[in-house]
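This briefing is meant for a reader who is meeting the structure for the first time. It begins with a term that the later points rely on, then moves from the whole chain to particular places in it.

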Amino acid sequence: MKGRDEIAQALAASGYIADADLATAISLMQMLRRPLLLEGEAGVGKTEVAKALAKVHATELIRLQCYEGLDQSSALYEWNYQRQLLAIQAHRGSDSIEDQVFSEKYLLERPLLAAIRRPKAPVLLIDEIDRADDEFEAFLLELLSDFQVSIPELGTIPAITIPHVVLTSNGTRELSDALRRRCLYHYVDYPDVDRETRIILARLAGASPSLSLQIARMVEGVRKEELRKVPGVAETLDWAAALVGLDVRDLRDAPETVHETLVCLLKTHEDRARVTPEVTQRLLGKVA
C-alpha cells in the first residue's frame, strides 16, 4: 500500500494534481479495501480521480453512469434474448435447450458484473450515484458489501478480484446513511490558486507558469461572482487552451481577448450578462 506522498506523486505523474487530504483518502481506500465516495460540485474533477487511479494501477476503468430509472439489468447483467430466441428456434423440440440458453454463452456483462470478474482488479467508477433511485442504491450497497452476485439461472458468482471502487455524487439527492457508512468519504472542492496553476501546467503544453498563475487567479475571481453555474476545472482548462491558442502571454495585455473568451467559463446567458467588460477589467486588476 502506497503512502500519501507516493499516491500524490503517482497521481501527478498521470496528470491529476491531488491535495493532501485526497491523497490520504485514496491511500486509506487501498489499505482498507473500501469504496471511496467523492462528493462535490459538478466540474471539480471527481470523475478524473477514477481515471487517474486506473492509470496509476495500469488497469481497466469500468464506468457505470447513473441516471434516474437505472435498474439492475442495466448495471449488472442481461440475457442476450435475441441469441436465445435463435437458439430455441434452431433446437425446437430439444429437452435440454432451456438449460443451454441460460448459460455463460448467452450472458451479457454489464459494468458491475464485469468489474468483479476481471482477473486484474479494475477501477470501478460509479458516477453520479445521486442521480439513481433509492432502490438502486440499496441494491448497490449489497453488492459492495459482499462483492458477489446471484443470478437465478447460474447461482452465486463471487468476485475474482475486488475492484477499486470510486463513487461520485454532485449532491443533488441525499444519500443513505447505510451507503455513507460503507464508504470512505472525501469532499472535492474547487482547487485553490496554487493547485489550479499546477493543474494547468500539468495538463496543457504551452502554458507558461506566469500565464497559468494569472489564469488561476482570474478563475478564482470569476467563481466569487454571483453566478448561476460556477466554472469547474474542465472550463479552466478549456479557457487556458483558448488563450494559449490565441498566443496570449499576459492577461493584462489582452483585456478584450480575455473578456471575449470568457465564453469558455460562463455557460448561461445570465452569467455572461453579469460578467460585463467592467467586471472583467476589475478582476484583471487582481491577477498581477
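A pocket is here an open set of points on a 1 Å grid over the protein atoms alone, with protein on both sides within 12 Å along at least five of seven lines, and its lining residues are those with an atom within 4 Å of a point. The model described below is a predicted one. The protein has 288 residues, and buried residues make up 49% of them.

**The protein as a whole**

- The protein contains 15 helices and nine strands, and its C-alpha atoms fill a box of roughly 80 × 40 × 35 Å when this is taken along the principal axes.
- About 14500 Å² of the protein is exposed, and carbon and sulfur atoms supply 49% of that area.
- If one takes the contacts between residues at least 6 apart in sequence, 73% of them join residues at least 24 apart.

**The largest pocket**

- The largest pocket has a volume of about 410 Å³, and its lining is made up of 23 residues, of which Gly 43, Val 44, Gly 45, Lys 46 and Glu 48 lie nearest its centre.
- Two or more residues of this lining are given by each of helix 3 (46-56), strand 2 (61-65), helix 10 (193-203) and helix 12 (233-245), and the largest share, four residues, comes from helix 3.
- When the lining residues of the largest pocket are divided by class, nine are nonpolar, six are polar and eight are charged.

**The second largest pocket**

- The second largest pocket has a volume of about 280 Å³, and it is lined by 15 residues, with Glu 41, Ala 42, Tyr 190, Lys 229 and Val 230 lying nearest its centre.
- The lining of the second largest pocket consists of five nonpolar, four polar and six charged residues.

**Strands 6 and 7**

- Strand 6 (residues 148-151) and strand 7 (residues 155-158) run antiparallel and are joined by four bridges, and they form a hairpin with three residues between them.
- Gln 148 has Pro 158 in strand 7 as its bridge partner.
- The side chains of strand 6 alternate along its length, with Val 149 and Ile 151 pointing to one face, where they are buried, while Gln 148 and Ser 150 point to the other and are not buried.

**Two buried residues**

- Thr 197 is placed in helix 10, and it counts as buried because its relative accessible area of 9% falls under the 20% that sets the limit for that term.
- Setting aside residues up to four places away in sequence, Thr 197 touches Pro 209, Ser 212, Leu 213 and Ala 216.
- Leu 262 lies in the loop between helix 13 (255-260) and helix 14 (269-274), and this loop residue is also buried, since its relative accessibility is 1% and the limit is again under 20%.
- Apart from its neighbours within four places in sequence, Leu 262 is in contact with Trp 239, Arg 272, Val 275 and Thr 280.
- Leu 262 and Val 219 are 43 residues apart along the chain, and their C-alpha atoms are separated by 9.8 Å.

Definitions and conventions. Residues numbered from 1 in each chain as written. Predicted model: local features only at pLDDT ≥ 70, side-chain atom pairs only at ≥ 80, totals over all residues. Heavy atoms only, no water. 1 Å grid on protein atoms, 1.4 Å probe; cavity = no way out; pocket = protein on both sides within 12 Å on 5 of 7 lines; lining within 4 Å. Points joined across faces, edges and corners; volume = space filled by probe spheres on them. Nonpolar A, V, L, I, M, F, W, Y, C, P; charged D, E, K, R; others polar. Buried < 20%, exposed > 50% of the residue type's maximum accessible area, 1.4 Å probe, protein only. Contact = heavy atoms within 4.5 Å. Pairing = 2+ DSSP bridges. Areas by Shrake-Rupley, 256 points an atom, 1.4 Å probe, with all protein chains shown as cover.
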